[in-house]
Amino acid sequence: MEHIVSDMQLDADAAADVLAVYEMIAEAESAVHGVPVDEIHLHEVGTMDAVADVTAVCLLMRELSPDEVVASPIHVGSGTVKCAHGILPVPAPAATHILKGVPIYGGAIQSELCTPTGAALVKHFATRFGEMPLICHGAIIQRGCGRGIHCACGNEEEPARRASDRSLPRRAEIGRTQSVIPAYLNHRHPGIHAAPPCAGSAT
């Protein structure tokens, strides 16, 4: 992974974030499988599209440069998930290890809603976990809503073309308070739409 990151020629801070996220994943896999970190083989999380996802998040967070990132409790889902190691309970063992100390909850949705990669990203970047912080009236300056292609209905046979209608919404909001710019992140892949800042509020 260090070789892949070095070849991407990222700035030092973004590269450090990417490596820190993957170090967290590798340590979790090591603990779950009982083998040294340097012997861990990353399956789904080590594919190039997963590396691209992690890198994109790290670059975006550096671009946003928020003073504080407040993450809501993580909805992990329930049931089982198929992966390279077979059928595992949700949340997967590696995700459970990463989410130690993080507020999580399940529910009726029979699907994996928090992967080890997602868990590592939110734990790395979150300043703290809790409810959405107080933002002054009219101070939401950017907001994005969108849907992915993952079907959260628990029916794996449902065609992908219909999955987006049944998937969970993603939302991100960035706003101003009197002293910080908190980022409210709910799930993944937000699209950002500009909105006017709150007049008279400090950044």
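# Helix α2 and its neighbours

Just after helix α2, G34 adopts a positive phi of about 70°. The model is predicted. The protein chain holds six helices and 10 strands. This briefing follows α2 from end to end, then turns to the helix pairs around it.

**The chain as a whole**

- The protein chain has 203 residues, and 37% of them count as buried.
- Take the contacts in the protein chain with a separation of 6 or more: 68% of them come from residues 24 or more positions apart.

**Helix α2: length and ends**

- Helix α2 covers residues 12–33, which is 22 residues.
- At 1.5 Å a residue, α2 should span 32 Å. Its end C-alpha atoms lie 31 Å apart, so the expected span and the model agree.
- D11 caps the N-terminal end of α2. A side-chain oxygen of D11 sits 3.1 Å from the backbone nitrogen of D13.
- At the other end, G34 follows α2 with its positive phi.

**Helix α2: the buried side chains and their partners**

- Several alanines of α2 are buried: A14, A15, A26 and A28.
- V18, V21, Y22 and I25 of α2 are buried as well.
- The buried residues of α2 also include D17, E29 and S30.
- Which helices do the buried residues of α2 pack against? They pack against α1 (2–7), α3 (48–64), α4 (93–98) and α5 (116–125).

**α2 against α3**

- The axes of α2 and α3 come within 9 Å and cross at roughly 130°.
- An angle between 115 and 145 degrees counts as oblique, and that makes α2 oblique to α3.
- The crossing of α2 and α3 is right-handed.
- On the α2 side, the residues that meet α3 are D13, A14, D17, V18, V21 and Y22.
- On the α3 side, the partners are A50, V51, V54, T55, C58, L59 and R62.
- A14, D17, V18, V21 and Y22 are buried, and these residues also meet α3.

**α3 against α5**

- How far apart are the axes of α3 and α5? They are 11 Å apart, and the helices pack at an angle of about 20°.
- Angles under 35 degrees count as roughly parallel, and α3 and α5 are therefore roughly parallel to each other.
- The crossing of α3 and α5 is right-handed.
- V54, V57, C58 and M61 in α3 meet T117, L121 and F125 in α5.
- V54 and C58 of α3 meet α5, and V54 and C58 are also among the α3 residues that meet α2.

Key
Residues are numbered from 1 along each chain as its sequence is written. This is a predicted model: local features need pLDDT of at least 70, side-chain atom pairs count only at pLDDT 80 or more; totals for chains, interfaces and linings use all residues. Side-chain values use heavy atoms; hydrogens and water are left out. Helices (H or I, at least four residues) and strands (E, at least two) are DSSP runs, numbered from the N terminus. The expected span of a helix is 1.5 Å times one less than its number of residues. Buried means under 20% relative accessible area, exposed over 50%, partly exposed in between (1.4 Å probe, protein chains only). Contact means heavy atoms within 4.5 Å. A polar contact is a pair of N or O atoms within 3.5 Å; within protein, one must be able to donate a hydrogen and the other to accept it, and residues adjacent in sequence count only if both atoms are side-chain atoms. Axes are lines fitted to C-alpha atoms, for helices over the stretch in contact, and angles run from 0 to 180 degrees between N-to-C directions. Angles under 35 degrees count as roughly parallel, over 145 as roughly antiparallel, 65 to 115 as roughly perpendicular and the rest as oblique. A crossing is left-handed if the near helix is turned anticlockwise from the far one by less than a right angle, and right-handed if clockwise.
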